[in-house]
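Let's walk through this one from the domains inward to the ligand. Here it is.

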Amino acid sequence: MKFYDQSVPDVERCLDTNIHTGLDTTQVKQRQEKYGPNKLKEAKQKSSFARFVDQFKDPMIIILLIAAAISFGIAIFEKDPEGFFEPVLILVIVILNALMGVVQESKAEAALNALKQMTTPQARVIRNGKEEIVPSQDLVPGDIIKLEAGDFVPADARLFQSVSLKSEEAALTGESVPAEKDAGAIVKDGAPLGDRVDMVYSGCSITYGTGQAIVCAIGMDTEMGKIAGLLNSEEKSQTPLQLKLAQLGKYLGFLAIGCCAIIFVVGLLNGLPPMELFLTSVSLAVAAIPEGLPAIVTIVLSIGVTKLAKQNAIIRNLPAVETLGSASIICSDKTGTLTQNKMTLVKAWADGDEDVVDITTDDPKEIKRLLQLGTLCSDGSILIEDGQEKSVGDPTETSIVSAAMKNGMTKEALNQMYPRLAELPFDSDRKLMSTINKMDGQLVVITKGALDSMIPRLKSGDVKKAKELNEAMSKNALRVLAIASKPIDEVPKNPTSEQLENDLNLEGLVAMIDPARPEAKEAVKVCRKAGIRPVMITGDHVITASAIAKELGILRDGDKAITGVELDAMSDDELDHDIENISVYARVSPENKIRIVKGWQRKNQVVAMTGDGVNDAPALKAADIGCAMGITGTEVAKGAADMILTDDNFATIVFAVREGRGIFSNLKKVIGYLLGTNIGEVLVVFVSMLLWHKSPFVSMQLLWINLVTDSLPAIALGMEPVEKDVMNHKPKAKNEGIFANGFGARIILQGVMFGGLALLSFYLGQQLTHTERGAETMAFITLALSQVIQAFNMRSEHSLFKTGFFTNKKLNMAALVSFALVALVIFTPLNIPFNLEILPWGDFFIALGLAFVPFVVMECSKAFGLIKHSKSYDE
Ligand code: ATP
């Protein structure tokens, strides 16, 4: 069905709707059942079974299974019932490991999906005669939608009203210049998509103006749906760290295979049974490769993003979590982010008057006129709900509407008396908004906006006085708006700024206060301590901005505050020279924001930047961490951002950086822990094969340690609470890898320590127990338990005496389970296939004592400063 060549009443009839009242609840329900949700089809989510099967696609696990199959075959061939134990147990261990993988992965995925849900776009509809905001996916054909700059068009829709409407349709038509839209245009049958100016299309964005439209097609029936086909929702973004780990895994794989080959050959030359050698080699390969690592990294990241979401920071792009930890510059908007965006009009000045006056409930006649004009030129409104005033819309505007109301002039009454015939919406480039109203038979243009943008467009008015007052009020952190007007003869068909916003007569100034957020001051302090530089970037006046920046501690003695115009006049070299001194950028345009981001990036800084408007999208993309406002932000800004602040709060960014640092440090702990233990295992087997031509561990033992007892402590380690002093350090350098600052060397040394201790235990076992099995049991206890204890060592770079031994409850539980699992294979009949035995208590304690050596060594290293925690900023 085509709608672009039909008249609006025809479309209404055809879709059984009404452009004034929209659909009613029953119609919506019926249509939702008939047409389904308004979304593009996504590839099906993987079932748990498919996930389980996936776990067996790991080449190492496949080799292990082949090994088990061979040993199974041999057992059948040799008719040896005991021979079945090993392959069956390998199978049990592998299945256990896979099950754990499925559970953890599903949890991680559920967390990430929940996050996706939180960021689904919303649409403004008229239903049952009232405006509501609903998730875009609930729209049905026939719904009446309202659109404004910054919205994504939620469905294909036929416009029936448009004001200076422009839509960017590059995704559909390839045309990057926004297309002008006109609800009244007559479009002929057969017109190509790009010429259908009375239609807006799903997935495109509104870049300018406002409009209303009737939804004609949803979901896969939209033009976008037709070309999108099956969208693969599984597109997973891997973080740089995940990619690096995948690479590391490959290298370790090759290394392990090399080691195995050597062990195999040495073993064969020394007459060891080939089957046991084969199994040991395979299990060593499994031990050497940290199979669980990628999954654990995903789990830690997903736990982190869930926590962030609870604290009002929704991560849209997973790699941003890692980048957050290195953020060194936070460029923040002022209004609403550093301030409360609770504007109250407190002062006004009418052109011709001597001085400003305070706003009361009965202001002089001239001030009342000013408020009247300001209200007529505003979209924000005040509703009375249960006797309470409720502001709807832009707080700058509602503060004017509210002041007019206090003076007995409601917006509804004014709009009725002086109807609006046309408008030029506000945008942060012009910093102006204009309407044409019919006032007492005369057409009048009313313009309100920043005084500096207004001055070049004025024909009359006491500009000198206005400037003086503007400056004086701005110094007191007030936001000042100028209001001007002019009579015109007719309403232009397509009003432009050049036509309306010229030759204006100044009517006066209004000034409003927007108090700083109390938590912002503290957050700025935390930033400074954490080596992060806060920078204010605002559309507001430089003096107002500076006053607030000073109050918050962003602008300090010696720092500069400059305007967008001054920034434009600077060359890149000049900017590079001065950027470190500039703390406030005022009256900026969205293009300025990109320059500021790039300027800091040239200094190797990691920049977080906030944005809300449709024009902020490029700056949000250019920043290392683009943060969109959840409340005041447009859908386009949200779509371009890495993170959405659901409370629009600066303090939330600082919190997110803290969490980001915590997540990175936890990942480091897990990686260090798992790699250290792997290195230890490989070393023991490799060295003892070379020295004594036998391994202290049979394959089952290695598998048990690596796939079973190690996994839980690793996950628990990843859940370690963020360390208290994490914001007392400098941010890590931009490309600083996880193994930087000696961390890699430390892991290797720790691995050597584990290996050495297990070998020592094996050696002592041979001397004390005089049996192979006893010696193996001692080595097994030392290796398995030293690794569980190592999880505690890795918790912090501070001493455990300072951190507290048992403060990570999950790790305590994990450690208990791991201890129990070690005991299980020693004290139950399982000890037969595991080749372990119950030892005399003395030997037991020796093995246990050796397992505690890493704790003593690590504590001493921490005490003597061999393990340095990241440098404090003040050091
Ligand atoms: P931020 O600090 O988040 O950049 P801002 O509100 O100061 O926000 P803009 O919204 O771009 O920045 O506003 C810039 C200037 O435009 C304001 O200082 C004010 O003078 C003017 N202005 C803001 N809102 C309106 C409006 N609704 N109508 C007319 N002028 C406005």
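Start with two of the domains: the C-alpha centres of domain 3 and domain 4 are 29 Å apart. The full division of the chain is domain 1 (8-38 + 120-219), domain 2 (241-306 + 657-863), domain 3 (314-339 + 517-648) and domain 4 (344-513), with bounds from an automatic or database domain assignment. Keep in mind that this is a predicted model, where local features need pLDDT of at least 70, side-chain atom pairs count only at pLDDT 80 or more, and totals for chains, interfaces and linings use all residues. Residues are numbered from 1 along each chain as its sequence is written, and side-chain values use heavy atoms, leaving out hydrogens and water.

Where domains 3 and 4 meet, 15 residues of domain 3 contact 13 of domain 4 (heavy atoms within 4.5 Å). Together they bury about 1,000 Å², 49% of it on carbon and sulfur atoms; that is the accessible area (1.4 Å probe) the two parts lose on being put together, summed over both. On the domain 3 side, Ile543, Thr544 and Arg587 supply 44% of the area buried against domain 4, more than any other three residues.

Now for the ligand. Domain 3 and domain 4 both give residues to its shell, so the ligand lies between them. That shell holds 18 residues, with Lys334, Thr335, Lys448, Arg479 and Thr538 the closest (a heavy atom within 4 Å counts as near). As for polar contacts (N or O pairs within 3.5 Å), the side chain of Thr538 puts an N or O atom 2.7 Å from a ligand oxygen, and the side chain of Arg587 does so at 3.0 Å.

Technical notes:
Polar contact = N/O pair within 3.5 Å; in protein donor to acceptor, adjacent residues only side chain to side chain.
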